[in-house]
Amino acid sequence: MLKGGKFPPWLPAARYRPGMTSPEARLAGIAVCAFDAYGTLFDVNSAAASLAPRIGPQWVEFSATWRQKQLQYTWLRSLAGQYADFWQVTSDALDFALAAHRLAPEALRAELMDLYRAPAPYPDVATALQTLDRRGMRLAILSNGTPAMLESAVAGAGLTGLFSALLSVDSCQVFKPHPSVYAQVTRRFAVAPAQVCFVSSNGWDAYAAKAFGFRALWCQRAPQTAERLPATPDAVITSLTQVAELVASGKR
Ligand code: LAC
């Protein structure tokens, strides 16, 4: 625990959780920083936001339904042993959301899926990744997205060349949070789980990564409620630029 009841400078008091210890101690020896893609690097609401004038004021709720269904379908398909890739799942979830919000599919469907190929990166992404890259940290994406989706999202965001690996659940044929997904990082880089710093804005993803043995950072761009899941991430951050502050050093 921190001495004197002080909150660490990297974490606003409001985000401090009892039991969090100094990040210097916890995040030493990191060899790879692996990032979740959708919701962490890329804004899952950017497709609907682009068409907001045509969708109408309900575009925020519509986008939330699309995302919630997309995630639910990944979990349900994994449990049922009925894997279909993330492009298919995203498309199925979109059909659900269009129907649930009584939106005419023919006018929006193709455009929304097309926009999903290159979702907008969050404003903190490029700086955060470039800083880590300059320090020699190996960077990866670990995502539900298909290899084609990840390549096109990375290219669309101007991040080509920053990542050593774009790792997709597609090679496991099961979605996060199955442990075999997280094992892709340790296998690809030949490192121990504790040498991986995994960063996700999706709480359940950060908790599952921590349960796998990674050091995990939960990026909360907006405040979120702590999950009640088996493992607790090492720290909560509010911007990806804090990753470089927490990770001591990297080796290529
Ligand atoms: C991903 C999902 C969690 O990128 O959004 O893996």
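**Ligand contacts, cavity and pockets**

Author: In this predicted model, a polar side-chain atom of Asp36 is 2.8 Å from an oxygen atom of the ligand.

Reader: Why is this pair with Asp36 called a polar contact?

Author: A pair of N or O atoms counts when they are within 3.5 Å. The Asp36 pair, at 2.8 Å, is within 3.5 Å, so it is a polar contact.

Reader: Which atoms of Tyr38 and Arg67 pair with an oxygen atom of the ligand?

Author: For Tyr38 it is a polar backbone atom, 3.0 Å away. For Arg67 it is an N or O atom of the side chain, also at 3.0 Å. Both values are within 3.5 Å, so both pairs are polar contacts.

Reader: How much of the ligand's exposed area does the protein bury?

Author: Alone, the ligand exposes 220 Å², and 100% of that is buried by the protein.

Reader: What makes Ser143 or Trp204 a residue around the ligand?

Author: The test is a heavy atom within 4 Å of the ligand. Ser143 and Trp204 are on the resulting list, together with Asp36, Ala37, Tyr38, Arg67, Asn144, Lys176 and Asn202. By class, this shell divides into three nonpolar, three polar and three charged residues.

Reader: Which space does the ligand take, and what makes that space a cavity?

Author: The ligand takes the space of the largest cavity. The word cavity applies because a 1.4 Å probe fits there but cannot get out, with the protein atoms alone on the grid. The volume of this cavity is about 70 Å³, and the structure has three cavities of 30 Å³ or more.

Reader: How do you know that Leu71 belongs to the lining of the largest cavity?

Author: A lining residue has an atom within 4 Å of a grid point of the space, and Leu71 is therefore listed. Phe86 and Asp205 are also among the lining residues. Helix H4 (59-80) and helix H10 (203-212) contribute at least two lining residues each. The lining has four nonpolar, three polar and four charged residues.

Reader: What makes the other spaces pockets, and what volume has the largest pocket?

Author: They are called pockets because each is an open set of points with protein on both sides within 12 Å along at least five of seven lines. The largest pocket holds about 240 Å³. Its lining has 14 residues, and those closest to its centre are Gly39, Ser201, Asn202, Cys219 and Gln224.

Reader: Which residues line the second largest pocket?

Author: Val44, Asn45, Val60, Ala64, Arg67, Gln68 and Leu71 do, around a volume of about 160 Å³. By class they are four nonpolar, two polar and one charged.

Conventions. Residues are numbered from 1 along each chain as its sequence is written. This is a predicted model: local features need pLDDT of at least 70, side-chain atom pairs count only at pLDDT 80 or more; totals for chains, interfaces and linings use all residues. Side-chain values use heavy atoms; hydrogens and water are left out. A polar contact is a pair of N or O atoms within 3.5 Å; within protein, one must be able to donate a hydrogen and the other to accept it, and residues adjacent in sequence count only if both atoms are side-chain atoms. Accessible areas come from the Shrake-Rupley method with a 1.4 Å probe; for residues, only the protein chains shown count as cover. On a 1 Å grid over the protein atoms alone, a cavity is a set of points where a 1.4 Å probe fits but cannot get out, and a pocket is an open set with protein on both sides within 12 Å along at least five of seven lines; lining residues have an atom within 4 Å of a point. A molecule sits in a cavity or pocket if more than half of its atoms lie within 2 Å of its grid points. Ala, Val, Leu, Ile, Met, Phe, Trp, Tyr, Cys and Pro count as nonpolar, Asp, Glu, Lys and Arg as charged, and the others, Gly among them, as polar. Grid points are joined across faces, edges and corners, and a volume is the space filled by probe spheres set on the points. Helices (H or I, at least four residues) and strands (E, at least two) are DSSP runs, numbered from the N terminus.
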